[in-house]
Amino acid sequence: MSDTKLKPIEKIGYGLGDFGSNVVFQTILILLPAFYTDVFGLAPAAMGTMFLAVRLLDTVTDPIMGMVADNTNTKWGKFRPYLLWFAIPFSVVFVFTFITPDFSENGKLAYAYLTYAVLMVLYTVVNIPYCALGGVITSDSQERVSANSYRFFIATSAGVLISYFAPDLIEYFGNGNEQDGYPYAMSVFGVLAILAFFGCFALTKERVKQVAPTKGSLSVDFKTLLKNDQWLVVALLFLVLLVPIVLRGASQVYYVKWFIGDAELIAAFLTTGTFCQMIGAGFASSLTKKLGKVPAYILVQSIIVVGSIALYFVSSSNLYAIFILFGVVNFFVQMGAPILFTMAADTVEYGELKTGRRVTGLVFSGALFALKLGVAVGGWLIGLILTYYGYDGKAEAQSPEAIRGIVLSLTLFPAIGHFLLIPIVSFYKLNKKRCDEIRAELDQKTDS
């Protein structure tokens, strides 16, 4: 039977991989929309269309990368090598995404499409093997929750660093010119990402093997994945979840700048949200031990819905209530993340028992495709909402309607998305008892 218990140092190492990915993901979530509209100079509608259009690449790259990872065999394992091979290219393109070239309007739009598309392809090449790694470092479902709690605690610290230090670094390197400051600030974070990926590679180990290793094809493995009804539930959860997360994340800078009316509070507001996320991730393991994955997830989403609705009714002058409610919402948002990724990992063994094939990479590439599709829809919606309510990135003041659209994007619109997760997750049936039974059956097949 495969080792199930992980030492804290390996859980920390596993978390470092997502720290590297979240340097990019959190920056895209928190800073990139405002960078594109207010610094780079894209129209909100053009930005939203780009976010959605680039995701068409994922329909090709995600399943291919999942299958490539599943069929990779090196002395380091199937998934860890990609962290080593692509850490530097990923970070370099990340920096180039935040350069504002002296091009025409159409030239700048083409540059934005190119750099963002290449960045997302490299994100796929690194992040799909990384997420698949979570399914092979241990076979114990509760231990996976624990490892993912470490992961998201450490990963969210990337958001804390970006939220707290990015505004000052941009100001420092740019001397007041944000176009000059952004690339240098992102270079600092890019170096941190490289070191984190290398650390994850060095500190983790792949243990769980397929019962009957076979070389597959994309069509066969894809059919295998679609037979996994529990994976379909998880994929839908990823898709729906990321829409409200992106709406909330993308509207934060706008909310502070225009609703609260004090741009100097941006760093404090962003840091409050990401710090509370970091703390919340650490409570997922203890909550699932007491309640189980599905009841815990329902409770978390219910609290987020209530907190988001309450935040909508707070006036712009009540800073204490704004910061407290925003912190509470983000605390529970990240508490749900380790639970969901553990659900994805558990569907790997479920699918293996059901079909006889273990497609770890494809399971996570499919889940991450659903996640990134949710990011794309959320990014498209924020552009659509800003346009509909009349937001003007070049204006010195915004209309009351534009500000109302920003507030809705941070509060009520995300609340709808989180509410929809509750009936979906009720179809997930892989509790700890069932996961242990599945692992025991697979181990029997291995021994025989």
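**A buried leucine, a covered helix and a nonpolar surface patch**

L241 counts as buried because its relative accessibility is 9%, below the 20% cut-off. The model discussed here is a predicted one. L241 sits in helix α10, and once residues up to four places away in sequence are set aside, its contacts are Y297, L340, H418 and L421. F283, by contrast, lies 42 residues from L241 along the chain, and the C-alpha atoms of the two are 19 Å apart.

Helix α10 (229-260) turns up again around α11, where it is among the elements that cover the buried residues. Helix α11 runs over residues 266-281, 16 residues in total. From first C-alpha to last it spans 23 Å, close to the 22 Å expected at 1.5 Å a residue. Most of α11 is tucked away, with 12 of its 16 residues buried. The buried set starts with I266 and A267, carries on through F269, L270 and T271, then takes in G273 and T274, and finishes with C276, Q277, M278, G280 and A281. Besides α10, the cover over these residues includes α1 (8-30), α7 (141-174), α12 (284-291), α14 (319-355) and α16 (400-410).

Helix α7, one of the elements covering α11, also has a part in a surface feature. Together with α8, α7 supplies residues to a nonpolar patch, at least two from each helix. The patch is made up of Y172, F173, Y184, V188, V191, L192 and L195, and the accessible area of these residues together comes to about 690 Å². Helix α8 gives the largest share, five residues. Y184 is in α8 and counts as exposed because its relative accessible area is 52%, just past the 50% cut-off.

Between α7 and α8 (178-203) there is a loop, and N175 lies in it. The backbone is a bit unusual to look at here: N175 has a positive phi of about 50 degrees, even though it is not a glycine. N175 is also out in the open, counting as exposed because its relative accessibility is 70%.

As for the cysteines, the structure holds zero disulfides. C200 is a case in point: the nearest cysteine sulfur belongs to C131 and is 10 Å away, and C200 is in no disulfide. A pair would need its sulfur atoms within 2.5 Å to count as a disulfide. C200 counts as buried, since its relative accessibility is 0%.

Terms used
Residues are numbered from 1 along each chain as its sequence is written. This is a predicted model: local features need pLDDT of at least 70, side-chain atom pairs count only at pLDDT 80 or more; totals for chains, interfaces and linings use all residues. Side-chain values use heavy atoms; hydrogens and water are left out. Helices (H or I, at least four residues) and strands (E, at least two) are DSSP runs, numbered from the N terminus. The expected span of a helix is 1.5 Å times one less than its number of residues. Buried means under 20% relative accessible area, exposed over 50%, partly exposed in between (1.4 Å probe, protein chains only). Contact means heavy atoms within 4.5 Å. Patches are made of residues with over 30% relative accessible area and no salt bridge: like charges are joined within 9 Å, nonpolar side chains (Val, Leu, Ile, Met, Phe, Trp, Tyr) within 5 Å. Accessible areas come from the Shrake-Rupley method with a 1.4 Å probe; for residues, only the protein chains shown count as cover. A salt bridge is a side-chain nitrogen of Lys or Arg within 4 Å of a carboxyl oxygen of Asp or Glu.
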